[in-house]
Amino acid sequence: MEQHTCLNCGNKFEDKFCNQCGQQTTHRYTVAHVFHEVTHVFTHADKGIFSFAWHIICKPGIVALDLVEGKRKRYFNLFQFLLLIVGFTTFLISKTDFIVLATKTMNTANEVKMSTKLSAAQQEISLLMQKYNNILQMLLIPIFSLFSWLFFARKKYNYAETIVLHTASSAQTNVFAIATTSLFFLMNNSKGFAIIAVLSIFVMLFSFTISYRQFFKFSISRSFLYAFLVVICTYVIQIVLTAVITILFVIASGLK
């Protein structure tokens, strides 16, 4: 059998893969090879982005469970996928001014009256949340995971493993968010926003319920109960933190 020298680590090996670093035998790049590599990333039956997106849409809990149990070779990188999908969702949210309009709609619906300066401060914070939605999404995952771990995962799964679960679930909700946010282009009014906002909440509850059902093997009713508790607890913290940041922003800006 022909012996090769690994161009990555210098190890001598036979067959197609280096037994030290795992790299396959390589050859010079050609246009055909580059095209094949790009196509392979998106369409490969086991690890392509499109294939992985379908797995995330249909069975986020099973994907997370497989990763936790060490069955990782078959999947595209979960964390890389989340970064890509959250980045695209953030782009759509920025283009639709979704968060800014959400704040205005909620204030109008609740007949909230505030000074012009305070309203301006709230608008500025909404713009920041909209611009850095990707960071906000990433920060929510460890909080969701913490409540999941505290409520029912401590005896079997550690905190890091619940982060994997909620990373998969967040990836699923962001795939759905692409569809719901895109609707805003067609329904760019307060009534349309209200429908999409309510739909987004149900999408998150649905995603968490399915994920818990698949990952923990709970019943649908128990999965929904835990999903509801985790979502409520997390968003209470988010509301409190947003209020504190708003107050600090107003104080720092010298607004009254």
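1. Contact here means heavy atoms within 4.5 Å. With that in mind, and setting aside neighbours within four places in sequence, Tyr-212 is in contact with Ser-148, Phe-152, Leu-165, His-166, Lys-217, Phe-218, Ser-223, Tyr-226, Ala-227 and Val-230. The reader should keep in mind that this is a predicted model.

2. Tyr-212 also belongs to the largest nonpolar core, which has 41 residues, and it is listed with Phe-52, Ile-56, Phe-81, Phe-208, Phe-215 and Phe-216 as having the most contacts inside that core. At least two residues of this core come from each of α2 (49–58), α3 (60–68), α4 (78–96), α7 (133–153), α8 (159–186), α9 (190–216) and α10 (220–253).

3. As for the overall architecture, the chain contains 10 helices and 2 strands, and, read along the sequence, these elements follow the pattern β-β-α-α-α-α-α-α-α-α-α-α.

4. Ile-49 deserves a separate remark, since this residue, found in helix α2, counts as buried because its relative accessibility is 14%, while buried means under 20%. The C-alpha atom of Ile-49 is separated by 6.4 Å from that of Phe-76, although the two residues are 27 residues apart along the chain.

5. Turning to the chain as a whole, among contacts with a separation of 6 or more, 61% are accounted for by residues 24 or more positions apart. Of the 256 residues, 38% count as buried, and the chain exposes about 15,500 Å², of which carbon and sulfur atoms supply 65%.

Terms used: Residues are numbered from 1 along each chain as its sequence is written. This is a predicted model: local features need pLDDT of at least 70, side-chain atom pairs count only at pLDDT 80 or more; totals for chains, interfaces and linings use all residues. Side-chain values use heavy atoms; hydrogens and water are left out. A nonpolar core is a set of buried Ala, Val, Leu, Ile, Met, Phe, Trp, Tyr and Cys residues joined through side-chain atoms within 4.5 Å. Buried means under 20% relative accessible area, exposed over 50%, partly exposed in between (1.4 Å probe, protein chains only). Helices (H or I, at least four residues) and strands (E, at least two) are DSSP runs, numbered from the N terminus. Accessible areas come from the Shrake-Rupley method with a 1.4 Å probe; for residues, only the protein chains shown count as cover.
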